[in-house]
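Here is a brief report for setting up a calculation. Please look over the sequence and the model first.

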Amino acid sequence: MLVSELGHGLYAIDLEFQGLPGVIASYLLTGAGEYALIETGPSSTLEALLAGLKHLSIDPGDISKLLVTHIHLDHAGAAGTLIQRYPNMHLYVHEVGAPHMIDPSRLLASAERIYGDRMGPLWGKVIPVPESHVHALNDETAISAGNRSLTAVYTPGHASHHVVYRDANSGDVFTGDVAAVRLQGFKTIRPPTPPPDIDLDAWGRSLERIESMGPARLLLTHFGPQNDVAEHLHETRERLAAWASEVGQRYLAGMDRDQIVRELRAFADTDIAGADDPSAAERYELATPTFMSTDGLIRWFRRRFNPA
Ligand SMILES: [Zn+2]
């Protein structure tokens, strides 16, 4: 199903990334005649986003706010294209990420180092967002959307400019990537730890901060609602530590990068072995590739043990 209703005027639109369900979500907030999206997804899934809105009989031109948790292309890549087509839309993003949406050249160079020639098929076009359409956020910036009061909460760890959004009315918290990846119907949590700026210490503090907000639900970009908040956050912490340890031990023992990727992939896939879903491993890899998590963790350990 392309669109699911989640209560309180909230809808999840499944962007069917790379033709597969349940990998990237965009959330539509409705109420009091104003519409907002949390996460735009990449440009490659723009048609799925527009189809989801059409299914809900919503004119994209009536959406005024695009709130992104961070600037990575799977979360914010379509923002420039959307705003070019629908100039009524304005982008909300943490102040550290904002300049990279106005001039995406460094963001694209960083993504190209990770994805190489798969950039186009994965993400589609990325175009700059006009400065006039960018609203930079700080910690605890309040944003109204229709009859809702949202608050951006600064939660670095996955990225240095990551925020989550808390909806004061519903108690929902939109977690981007800081509460990791857990596909619907699965127990397995995968921590997305890409280069270049993961920070495991900050990440732990961000998870505590989310817990202290007492969320009613967590809304994951990858993918969907999690109702057992305490269990999910506990398990996220545990998996993050486990992955860091798997990669760290091998890196510090001098193991070759490609070998670490293979062994981490085997470690990750044992978590979903026997899952009654042949696409599970592929969908987890699309949401957070193991090679990317390996590279991010190696970089983090390298910096920690060889400070410049
Ligand atoms: Zn992501």
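The sections below cover the basis of the model, the metal site, the backbone and one helix pair.

## Basis

This is a predicted model, where local features need pLDDT of at least 70, side-chain atom pairs count only at pLDDT 80 or more, and totals for chains, interfaces and linings use all residues. Residues are numbered from 1 along each chain as its sequence is written, and side-chain values use heavy atoms, with hydrogens and water left out.

## Zinc site

Four protein donors (N, O and S atoms within 2.8 Å of the metal; 3.2 Å for Na, K and Ca) serve the zinc ion: Asp 74 (OD), His 75 (NE2), Asp 177 (OD) and His 222 (NE2). They lie 2.0 to 2.3 Å from the ion. Their spacing along the chain is D-H-x101-D-x44-H. Asp 74 sits in helix α2 (residues 73-76) and His 222 in the loop between β12 (217-220) and β13 (224-226), so this pair ties together parts 148 residues apart in sequence. Helices (H or I, at least four residues) and strands (E, at least two) are DSSP runs, numbered from the N terminus.

## Backbone

The peptide bond from His 222 to Phe 223 is cis, with omega near 5°. Phe 223 belongs to the loop between β12 and β13. Pro 195 to Pro 196 is also a cis peptide bond, with omega near 5°. Pro 196 falls in the loop between β11 (172-176) and α7 (200-212).

Ala 32 is not a glycine, yet has a positive phi of about 50°. Its loop runs between β3 (25-29) and β4 (35-38).

## Helix contact

Contact here means heavy atoms within 4.5 Å. Arg 257, Ile 260, Val 261, Leu 264 and Arg 265 of α9 meet Thr 290, Phe 291, Thr 294, Asp 295 and Ile 298 of α11.
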